[in-house]
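Colleague: I am new to this structure and would like to go through it with you step by step. Could you show it to me before I ask my questions?

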Amino acid sequence: SEDFELYYQPIFNLKTRKIETCEALLRWPHHERGMVSPAEFIPVAEEMGLIVEIGTQVLYKACLECRRWPGDTAVAVNLSSIQFDRSNVPALIRETLAATNLSAHRLEIEITESTLLQNTRRTRADLEQLAELGVRISLDDFGTAYSGLSYLHSFPFHKVKIDQSFLQGLGDDERRVILLRGMTRLSAQLGLHVVVEGVETEEQLELLAAEHSIDEVQG
């Protein structure tokens with residue numbers, strides 16, 4: 001896992017006009033293939049049983065890096081369903097926060113909908129423990145997989161990240177705008193912080209900034 005590198009993508013708050021969180025992104029610089037995407041090597045790492053070890057290292061490095069940042073900036077780290085299945089996630093996070101001397105409220109854990117299908121009762125219990133610690137929990141890539149709106153109600157999420165696919169063709173298709181607006185407003189009304197992923201243009205930024213239910217953008 002020492003061959004992997006972490007990069008940090010800022011998440012911009014539209015209301016405070018500040019970068020309040022940075023997401024840790026794992027990359028593998030290969031001497032022949034260049035920078036290899038996690039989409040390629042994570043499935044292999046999962047098959048080989050290395051994902052728990054890699055995930056532990058990523059969590060530690062990200063928390064250590066966050067300690068160098070301004071005190072009001074948090075770091076977001078992705079956890080896979082296998083980590084929840086094969087390790088004690090609350091214990092791991094407690095130990096990591098203690099080892100890096102990072103406050104719990106400066107750590108955000110991102111999980112996908114597929115994680116919620118794995119041992120639902122245990123996953124919910126783990127997430128509730130994390131929420132009690134003060135760690136924020138974010139539902140990543142929302143709207144792409146099973147899209148169970150009940151997840152937003154039955155799990156202790158603080159944040160929902162709307163998948164970047166909902167931005168494609170947004171300026172040309174009123175139905176897409178209505179769908180995006182509906183998802184963001186519903187999430188906001190449930191008390192969730194709303195992030196839209198994949199923002200790449202000024203036009204997209206202006207469109208999203210006009211929608212009061214959207215708190216942050218990432219891209």
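The exchange below takes up the strands, the core, the pocket and one residue of a helix.

Modeller: This is a predicted model, in which local features need pLDDT of at least 70 and side-chain atom pairs count only at pLDDT 80 or more, while totals for chains, interfaces and linings use all residues. Residues are numbered from 1 along each chain as its sequence is written, and side-chain values use heavy atoms, with hydrogens and water left out.

Colleague: How many bridges join S1 to S2?

Modeller: Helices (H or I, at least four residues) and strands (E, at least two) are DSSP runs numbered from the N terminus, and two strands pair if DSSP finds at least two bridges between them. S1 and S2 form a hairpin with four residues between them, and Arg 17 in the turn has a positive phi of about 60°. Leu 6 has Leu 26 in S2 as its bridge partner. The two strands run antiparallel, and the number of bridges joining them is nine.

Colleague: Which residue in S9 stands opposite Ile 11?

Modeller: S1 also pairs with strand S9 (residues 216–218), in the antiparallel sense and over three bridges. Opposite Ile 11 in S9 stands Gln 218.

Colleague: Which helix gives the largest share of the largest nonpolar core?

Modeller: A nonpolar core is a set of buried (under 20% relative accessible area, 1.4 Å probe, protein chains only) Ala, Val, Leu, Ile, Met, Phe, Trp, Tyr and Cys residues joined through side-chain atoms within 4.5 Å. The largest one has 58 residues, and Leu 107 is among those with the most contacts inside it. Seven residues, the largest share of this core, come from helix H2 (residues 51–66).

Colleague: Which strand gives the largest share of the lining of the largest pocket?

Modeller: A pocket is an open set of points on a 1 Å grid over the protein atoms alone, where a 1.4 Å probe fits, with protein on both sides within 12 Å along at least five of seven lines, and its lining residues have an atom within 4 Å of a point. The largest pocket is lined by 34 residues, with Glu 23 and Asp 140 among those nearest its centre. The largest share of this lining, five residues, comes from S2.

Colleague: Is Ser 81 buried or exposed?

Modeller: Ser 81 has its place in helix H3, and, leaving aside neighbours within four places in sequence, Ser 81 is in contact (heavy atoms within 4.5 Å) with Thr 115 and Gln 118. Because its relative accessible area is 19%, Ser 81 counts as buried.

Methods:
Buried < 20%, exposed > 50% of the residue type's maximum accessible area, 1.4 Å probe, protein only.
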